[in-house]
Amino acid sequence: MDLLKTHISDLQAQLKALKALSNKTQKVLFYPSGMIIGEKIFRTDGSEGNFEVSQAACSRSAGLLASPRNSEENSALQQIAERQNKRPFLGINDRLTEGTFMYLSGEAIRYTNWSTREPNDSGGEKDCVEVYSDGKWNDKSCEKNCLIMCEY
């Protein structure tokens, strides 16, 4: 009986993992401007918005603003943005403490890909981060519009 319970538990875990994978796959199929990297899916529908609008759009679809944690994820974002010919916001900012960029969770960023002489807060009020077409990062005003890029 205990062995049967163990098998059932294993099957339930596998079913849960398959459902999660199916949900992620469906999101990519419904949004062809997406890419799967490891356990993450990045996608956009091509729309733009300021940082708050972008964050809300991702939240409505049960995602977060894209936040690359390594060069492979950053490269995926760059490729999607290049196809859209637009620069996306990242889920990274220094709104809490100027010069200290963090993920939206409050976690300090460990991976960065800043463009030369960035971040520079040129002109002040540049607390958000966008991705250039070459994959490099730039600090940008959160009030400007950028491509909305979400991760799941």
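Student: How many aromatic pairs does the structure hold?
Tutor: This predicted model holds four aromatic pairs, counting rings of Phe, Tyr and Trp (its six-membered ring) whose centres lie within 6.5 Å. One of them is formed by Phe-51 and Phe-89.

Student: What makes Phe-51 and Phe-89 an aromatic pair, and why is it called edge-to-face?
Tutor: The ring centres of Phe-51 and Phe-89 are 5.6 Å apart, and the limit is 6.5 Å, so they pair. Planes under 30 degrees apart count as stacked, over 60 as edge-to-face and the rest as tilted; the planes of Phe-51 and Phe-89 stand at 90 degrees, so the pair is edge-to-face.

Student: How do you know that this pair links distant parts of the chain?
Tutor: Phe-51 belongs to helix H2 (residues 51–60) and Phe-89 to strand E5 (residues 89–93), with the two positions 38 residues apart in numbering. Helices (H or I, at least four residues) and strands (E, at least two) are DSSP runs, numbered from the N terminus. The protein has three helices and 10 strands, in the order α-β-β-β-α-β-α-β-β-β-β-β-β.

Student: What makes the contact of Glu-48 and Lys-86 a salt bridge?
Tutor: A salt bridge needs a side-chain nitrogen of Lys or Arg within 4 Å of a carboxyl oxygen of Asp or Glu. For Glu-48 and Lys-86 the N to O distance is 3.5 Å, so the rule is met. Glu-48 is in strand E3 (residues 48–49) and Lys-86 in the loop between helix H3 (71–84) and E5, so parts that are 38 residues apart in sequence are tied together. The whole structure has nine salt bridges.

Student: Which two domains is the protein divided into?
Tutor: They are domain 1 (1–30) and domain 2 (33–151), with bounds from an automatic or database domain assignment. Their C-alpha centres lie 31 Å apart.

Student: How do you know that domain 1 and domain 2 are in contact?
Tutor: Contact means heavy atoms within 4.5 Å, and four residues of domain 1 meet that rule with six residues of domain 2. Across this interface there are zero salt bridges.

Student: What is unusual to note about the peptide bond from Glu-118 to Pro-119, in terms of omega?
Tutor: The bond is cis, with omega near -5 degrees. Pro-119 sits in the loop between strand E6 (102–103) and strand E7 (128–131).

Student: What is the phi of Ala-62, and where is Ala-62 found?
Tutor: Phi is near 65 degrees, a positive value in a residue other than glycine. Ala-62 is in the loop between H2 and strand E4 (64–65).

Student: Which residues and atoms enter these values?
Tutor: In this predicted model local features need pLDDT of at least 70 and side-chain atom pairs pLDDT 80 or more, while totals for chains, interfaces and linings use all residues. Residues are numbered from 1 along each chain as its sequence is written, and side-chain values use heavy atoms, with hydrogens and water left out.
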